[in-house]
Amino acid sequence: MKIVQVILAAALLFGTQTVSAQASKASNSDQQVVFSVNIDCHSCEQKIKKSIPFERGVKNVVTDLQKQLVTVTFQPNRTNKDRLKKSIEKLGFTCTEVAPQQQQQSTKQPLQPQQSQPQQQSTKQAR
């Protein structure tokens, strides 16, 4: 009887390691897409945050109301960018994918214009 228990314990231990290795592989293959969406209020933002996570294969949704961006992390073997875009449009928003180059530019802070120093007035008075 003890031999059966030892074999079962070893099988469970080996099976758990295999499952966790597969889970880590799946998380490494997740993809991310950024959409420019016409969200302009907190209600619009919440509508997306409450609906899109329930789409198949979606792992995470992050919205940026100020920049009007929606970032979706998803499993490419369960969904794709086009399906995600259609899901957002189905909620009543216009949606376009942001190119990676534009993503980098949108995350940078805008440069502040240099302030020119006012010209000093001459201290000589006209006579």
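How many salt bridges does a search of the whole structure find? Keep that question in mind while you get your bearings; the answer comes at the third stop. One thing to know before you start clicking: this is a predicted model.

**Stop 1: the whole chain**

Show the protein as a cartoon and colour it by secondary structure. You should be able to pick out 4 helices and 4 strands. Following the sequence from its start, you will meet them in the order α-β-α-β-β-α-β-α. Of the 127 residues in the protein, 21% are buried.

**Stop 2: helix α2**

Now select residues 42-51, which form helix α2. Show the side chains of C44, E45 and I48, the buried residues of this helix. They sit on the same side of α2, because they cover an arc of only 100° around the axis. Next, turn the helix around and select H42, S43 and K50: these are exposed, on the other side of α2.

**Stop 3: helix α3 and the salt bridges**

Move on to residues 81-90, helix α3. Which residues are buried here? Select L84, S87 and I88 to see them. Their arc around the axis is only 95°, so they too lie on one and the same side of α3. On the face turned away from that buried side, look for the exposed residues D82, K86 and K90.

Time to answer the opening question: the search finds 2 salt bridges. As a bit of background, side chains of opposite charge can pair when their charged atoms come close.

- Select K81 and E97. They form a salt bridge in which the closest N and O atoms are 3.3 Å apart. This pair links distant parts of the chain, since K81 belongs to helix α3 and E97 to strand β4 (residues 95-97), 16 residues apart. K81 is partly exposed, at a relative accessible area of 32%, and E97 is partly exposed as well, at 41%.
- Then select K85 and E89, whose side chains meet in a salt bridge of 3.6 Å, N to O. Both residues lie in helix α3, 4 residues apart, or about one turn of the helix. E89 counts as partly exposed because its relative accessible area is 34%, and K85 is partly exposed at 28%.

**Stop 4: a positive patch**

Switch to a surface view and select R56, R78, R83 and K86. Together they form a positive surface patch. You have just visited the helix that holds one of them: R83 is in α3. K86, another member of the patch, is one of the exposed residues you saw on that helix.

**Stop 5: strand β2 and the loop after it**

Go back to the cartoon and select V62, in strand β2. Is V62 buried or partly exposed? Its relative accessibility is 44%, so it counts as partly exposed. Add V34 to your selection and draw a distance between the two C-alpha atoms: they are separated by 9.3 Å, while the residues are 28 apart along the chain.

From β2 (58-64), follow the chain into the loop that leads to β3 (69-74), and select Q68 there. What is its phi? Q68 has a positive phi of about 55°, although it is not a glycine. For comparison, most residues other than glycine have a negative phi. Q68 is also partly exposed, with a relative accessibility of 31%.

Conventions
Residues are numbered from 1 along each chain as its sequence is written. This is a predicted model: local features need pLDDT of at least 70, side-chain atom pairs count only at pLDDT 80 or more; totals for chains, interfaces and linings use all residues. Side-chain values use heavy atoms; hydrogens and water are left out. Patches are made of residues with over 30% relative accessible area and no salt bridge: like charges are joined within 9 Å, nonpolar side chains (Val, Leu, Ile, Met, Phe, Trp, Tyr) within 5 Å. Accessible areas come from the Shrake-Rupley method with a 1.4 Å probe; for residues, only the protein chains shown count as cover. A salt bridge is a side-chain nitrogen of Lys or Arg within 4 Å of a carboxyl oxygen of Asp or Glu. Lys and Arg count as positive and Asp and Glu as negative; His and the chain ends are not counted. The place of a charge is taken as NZ of Lys, CZ of Arg, CG of Asp or CD of Glu. Helices (H or I, at least four residues) and strands (E, at least two) are DSSP runs, numbered from the N terminus. Buried means under 20% relative accessible area, exposed over 50%, partly exposed in between (1.4 Å probe, protein chains only). The arc is that of the directions from the helix axis to the C-beta atoms.
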